[in-house]
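Here are my notes after a first look, mostly on the empty space and one helix pair. Have the viewer open while you go through them.

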Amino acid sequence: MFSWLGTDDRRKKEPEVFQTVSDGLKKLYKTKLLPLEESYKFHEFHSPALEDADFDNKPMVLLVGQYSTGKTSFIRYLLEQDFPGMRIGPEPTTDSFIAVMHGDTEGVIPGNALVVDPKKPFRKLNAFGNAFLNRFVCAQLPNPVLESISVIDTPGILSGEKQRISRGYDFAAVLEWFAERVDRIILLFDAHKLDISDEFSEVIKALKNHEDKIRVVLNKADQIETQQLMRVYGALMWSLGKIVNTPEVIRVYIGSFWSHPLLIPDNRKLFEAEEQDLFKDIQSLPRNAALRKLNDLIKRARLAKVHAYIISSLKKEMPTVFGKDNKKKELIASLGDIYKRIEREHQISPGDFPNLKKMQDQLQAQDLTKFQPLKHKLLEAVDDMLANDIASLMVLVRQEETQKPNQVVKGGAFDGTLNGPFGHGYGEGAGEGIDEAEWVVARDKPAYDEIFYTLSPVNGKVTGANAKKEMVKSKLPNTVLGKIWKLADIDKDGMLDDEEFALANHLIKVKLEGHELPSELPAHLVPPSKRKMPE
């Protein structure tokens, strides 16, 4: 049927059908985006071509920070074991990029062997040469945390005189390569060492366009007093504000991520809450990995389209015979005007254009006469991918998420606070009295009873209207009080007896103390007289 339709016409009308998100991304990239990239030398200007391993690999976490901020200790803390090649010390000790990944046996794979392994997502790092590959290793070990994520440890960023010593490779460019491919970038700062060196500032700027992946950890926070910690936090936010140009404030986690006793335990509760927030963020990475790869492919496609417009515009302006060199200089100098013209003609956002200065520098080494003119078919294929195929992949992402609801990072430090009395929030808020024989609400029930009997109970119960008059005195919003009512009215008769009224007041107190309400009433909060009621 419809055999008279061309293959291209059919493809435009019917989006591709894929079995998995990963397979879909690979096929879309190879058939629709890669031809555009190759035609306009995208890989020479921006980023190497993607390979199958880039779509199949586990989520990766990149750790970045100045020396002695606790990057290696942080990995050791997460894994709860040493890894091959690990060195920890107060001076610059990690002088290599170490990819900590899962393996059946412990061992180290050197960089040159690593970049020829098609199953690892590092083949394109070959472009940075031996100076880098001699400083790149993969540490493999059988650890449950690494079954879900991989962690990249980086050399300590230098400061002062040391930063002037050349590393022999483009450190910022390597970090930018990793930033494109990782799921989370964690910047670590030492509470005693907040100065952002020139090299660190350059690195953070290289991470531009990846701000959504960045999280900041203020480490070793147990070594300073509360008042000093507030000042350090403020100073860190001020320093970051000058370098990271985003309207939103970057999320900063405060704590001490190692297994030693806290030196100053005053902020223990704060550190525990911050650690749990960070752990939840890291644990969500496997679940969101497909969506992140989809998002990165869309970003790449938009950049590739803009790049194609720029290259074809330059080609169009170049003379075929005489005056090529002068025209090239003129075009490079007026690149900003070309950006504006493309922006107007194709309704492209200014934020989609590559850095002007960097693009001008790269064009100096190129022969503009060998550039390709605009090929509408290649651009239409990418537009079709963005308009139709990505939408069908989004549906598949949601399906995969529902099929694997428990896809979180497990093992190591992530299991340390899951259960038992050292679980986060155990014995606090709605969890207070969880392991006590007596009903915890009974402690304050005499005071609640006095209020109860002033509300004119009938047959031992107060009406909803009378209970409301008392409950609104807490000044909590109606949405919260409505939830408290739902939890406290156990027999669902629209009235409260003395035990239910006491429970409602207990839950109000829990909320006023800053704790969250449970979605269902925990067994230890059910009044004793209601515990044997049939469900």
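1. Starting with the enclosed space: Glu51, Ala53, Asp54, Lys120, Pro121, Phe122, Arg123, Lys124 and Trp177 line the largest cavity. Keep in mind throughout that this is a predicted model.

2. What is the volume of that largest cavity? It holds about 40 Å³ of space. The count of cavities of 30 Å³ or more comes to 1.

3. By class, the lining of the largest cavity splits into 4 nonpolar and 5 charged residues, with no polar ones. Lys120, Arg123 and Lys124 are among the residues in this lining, and so are Glu51 and Asp54.

4. On to the open space: the largest pocket has a volume of about 1,500 Å³. It is lined by 45 residues, and the closest to its centre are His46, Glu176, Glu180, Asn209 and His210.

5. The lining of the largest pocket contains 18 nonpolar, 9 polar and 18 charged residues.

6. Which helix gives the most to the lining of the largest pocket? That is H12, with 8 residues. Helices that each supply at least two residues there include H3 (42-45), H4 (52-56), H8 (171-181), H9 (198-206), H12 (285-317) and H15 (356-363).

7. Domain-wise, the pocket lining takes at least three residues from domain 1 (21-49 + 291-402) and at least three from domain 2 (60-284).

8. H15 also turns up in a helix pair: its axis and that of H14 (residues 335-346) come within 10 Å and cross at roughly 115°. The crossing of H14 with H15 is right-handed.

9. Where do these two helices touch? From H14, Leu335, Gly336 and Tyr339 meet Leu356, Met359, Gln360 and Leu363 of H15. The residues of this contact comprise 5 nonpolar and 2 polar, with no charged ones.

Key
Residues numbered from 1 in each chain as written. Predicted model: local features only at pLDDT ≥ 70, side-chain atom pairs only at ≥ 80, totals over all residues. Heavy atoms only, no water. 1 Å grid on protein atoms, 1.4 Å probe; cavity = no way out; pocket = protein on both sides within 12 Å on 5 of 7 lines; lining within 4 Å. Points joined across faces, edges and corners; volume = space filled by probe spheres on them. Helix = DSSP H or I, 4+ residues; strand = E, 2+ residues; numbered from the N terminus. Nonpolar A, V, L, I, M, F, W, Y, C, P; charged D, E, K, R; others polar. Domains from an automatic or database assignment. Axes fitted to C-alpha atoms, helices over the stretch in contact; angles between N-to-C directions. Left-handed = near helix turned anticlockwise from the far one by under 90°. Contact = heavy atoms within 4.5 Å.
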